[in-house]
Amino acid sequence: MLQQILRDMYIDPELLAELNEEQKQILFYKMREEQLRRWKEREEKARMEEAVLRKTARRKQSNGKHVQWLRGKDGEVWVWVMGEAPGDKPYEQISEELIAERARQQAQKEAEELWRQKEAEITKKFRDAMAQEKARIVAEKWKIEIEDRKAAKLEEEKIQEELKKREEEERQKGEEQIRQQEEIRAKELYLSLKQAQQHSQHSDDDQEWEEQLRRSKAADEERSHKARRARDEYRRQSLRAIQKGRVAGLSNLFQGTSLNNDQEIKLNNNSASPLLSQLLAFQCSNIWERPSRPFSRDVIIRWFKEEQIPRRAGFERSTNRIAQWFHGIISRQEAEELLMNKSEGTFLVRVSEKIWGYALSYRQQSGFKHFLVDASGDFYSFLGVDPNRHATLTDLIDFHKEEIITSSGGELLLEPCGQQKNPPDYSPLFE
């Protein structure tokens, strides 16, 4: 099943939904490895094809048209770089002039606006002063000596000239202040623009890139952490299984399509179960050829009878009784309903409708977990989680009664979940 997924680089969404998070991460890691292998293979092929094309192109150019580069006096290809040819201004000088011109124009614009405000204030100030002084003179002189209007007029003109002179001095003073402020402002703007240009070269354009790089690094670290944890779990399970001596080296004992005669005699002598005797005596009238994946309940039942019963799938190790944890073709929801009121560590094994294999449903403190068991080959193993290959389904269950399934979840199979129906939900498999 895993080889088929890696070959197609596709997993059915329904099958993906059956995997828990750790199984998904391990599957992603293996698919990524396969992608890299294919990419390297394509790159090598493309490199070889490109080399062949270049060789062919050189052969054609020797007989056909070709491009000839213009060369300089030194015999090298003629190149013109802006700012480096005779008479060209250096790039730094052009940049400095542009910045200085922008700063000057901005300062000039601000100075003109400031001068308009200042001029309005000066005009209003002296217009009001002149009106007040004229009113005062008229009031005083007109009352004292009405005939001395000429003297009053002369005095008024004198005062007006004095006020105009003061206004002109005020204007000149204001213009000088504005000019000085304009020069200071131009320098400030020049430095500000220069700093902005330098800063933009290092931060403005790179800020978004740095943020994307940070998020990308964080995602890479998370994926790397999950993949590393999956690899560590893979190694831990492999070493532990070798120590326990329960890996797939025994699978060759169970490759046959039916039990041998000695086994049949031994089973019959032990308990002589009518149901098991009937199943062991079952012979296929037609040649069984397994489809690529299950597509109906009838096909799954046929597969179980043809391939799993001869391997004692679902039976207790040393008896002919069906194991308490074994269930038939039931859904995930039905499995969770059976485990709902059970304690942590309770489990059951049900026949999967998604793959040629089983699903182990496990009750944990905060909910449920479901692990797919691949039985498409001559061994039993968890899809993506446990790399160990077990000769029988019972071997897998007994192994994980002592060894946890995943290091992150610490799942131990403690208590089997039995049947709650009569007849049992696995009865169609043995009819």
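Let me start with one contact: Glu306 forms a salt bridge with Arg302, and their closest N and O atoms are 2.9 Å apart. Please keep in mind that this is a predicted model. Why can these two residues meet, given their places in helix 8? Glu306 and Arg302 are four residues apart in helix 8, so about one helical turn separates them. The two ends of this salt bridge are not covered alike. Glu306 has a relative accessible area of 11%, and because buried means under 20%, Glu306 is buried. Arg302 comes to 29% relative accessibility, so Arg302 counts as partly exposed.

Now two more pairs, in other helices. Arg47 forms a salt bridge with Glu44, with 2.5 Å between the closest N and O atoms. Both residues lie in helix 3, which covers residues 21–61, and they are three residues apart, about one turn of the helix. Are they buried or exposed? Neither word fits: Arg47 is partly exposed at 48% relative accessibility, and Glu44 is partly exposed at 36%.

The next pair is in helix 5, residues 149–244. There Glu183 forms a salt bridge with Arg179, the closest N and O atoms being 2.7 Å apart. Glu183 and Arg179 are four residues apart, again about one turn of the helix. Glu183 counts as partly exposed, at 43% relative accessibility, and so does Arg179, at 37%.

Salt bridges can also link up. Glu34, Arg37, Arg38 and Glu41 are joined in a network of them. How many salt bridges does the count come to? The count is 16.

Back to helix 8, this time for its nonpolar residues. The largest nonpolar core has 33 residues. Which residues have the most contacts inside this core? They are Phe304, Phe326, Tyr358, Leu360, Leu429 and Phe430. Several elements give two or more residues to the core: helix 8 (297–308), strand 1 (346–351), strand 2 (357–364), strand 3 (367–374) and helix 10 (393–402). The largest share, five residues, comes from helix 8. Apart from this core lies another one, of 11 residues, including Leu6, Ile11, Met31 and Ala359.

That brings us to the strands. How many of the residues of strand 2 are buried? Eight of its eight residues are buried, and the strand is mostly covered.

Strand 2 has a partner on each of two pairings, and I will take them in turn. Strand 1 and strand 2 run antiparallel and are joined by five bridges. In this pairing, Leu348 stands opposite Ser361 of strand 2. The connection from strand 1 to strand 2 is a hairpin through five residues.

Strand 2 also pairs with strand 3, again in the antiparallel sense, over eight bridges. Gln364 has Gly367, in strand 3, as its bridge partner. The hairpin from strand 2 to strand 3 goes through two residues.

One general point helps when you look at these strands on the screen. In a regular strand, side chains alternate between the two faces of the sheet.

To sum up, helix 8 holds the salt bridge between Glu306 and Arg302, and helix 8 also gives five residues to the largest nonpolar core. Strand 2 pairs with strand 1 and with strand 3, and eight of its eight residues are buried.

Definitions and conventions: Residues are numbered from 1 along each chain as its sequence is written. This is a predicted model: local features need pLDDT of at least 70, side-chain atom pairs count only at pLDDT 80 or more; totals for chains, interfaces and linings use all residues. Side-chain values use heavy atoms; hydrogens and water are left out. A nonpolar core is a set of buried Ala, Val, Leu, Ile, Met, Phe, Trp, Tyr and Cys residues joined through side-chain atoms within 4.5 Å. Buried means under 20% relative accessible area, exposed over 50%, partly exposed in between (1.4 Å probe, protein chains only). Two strands pair if DSSP finds at least two bridges between them. A salt bridge is a side-chain nitrogen of Lys or Arg within 4 Å of a carboxyl oxygen of Asp or Glu.
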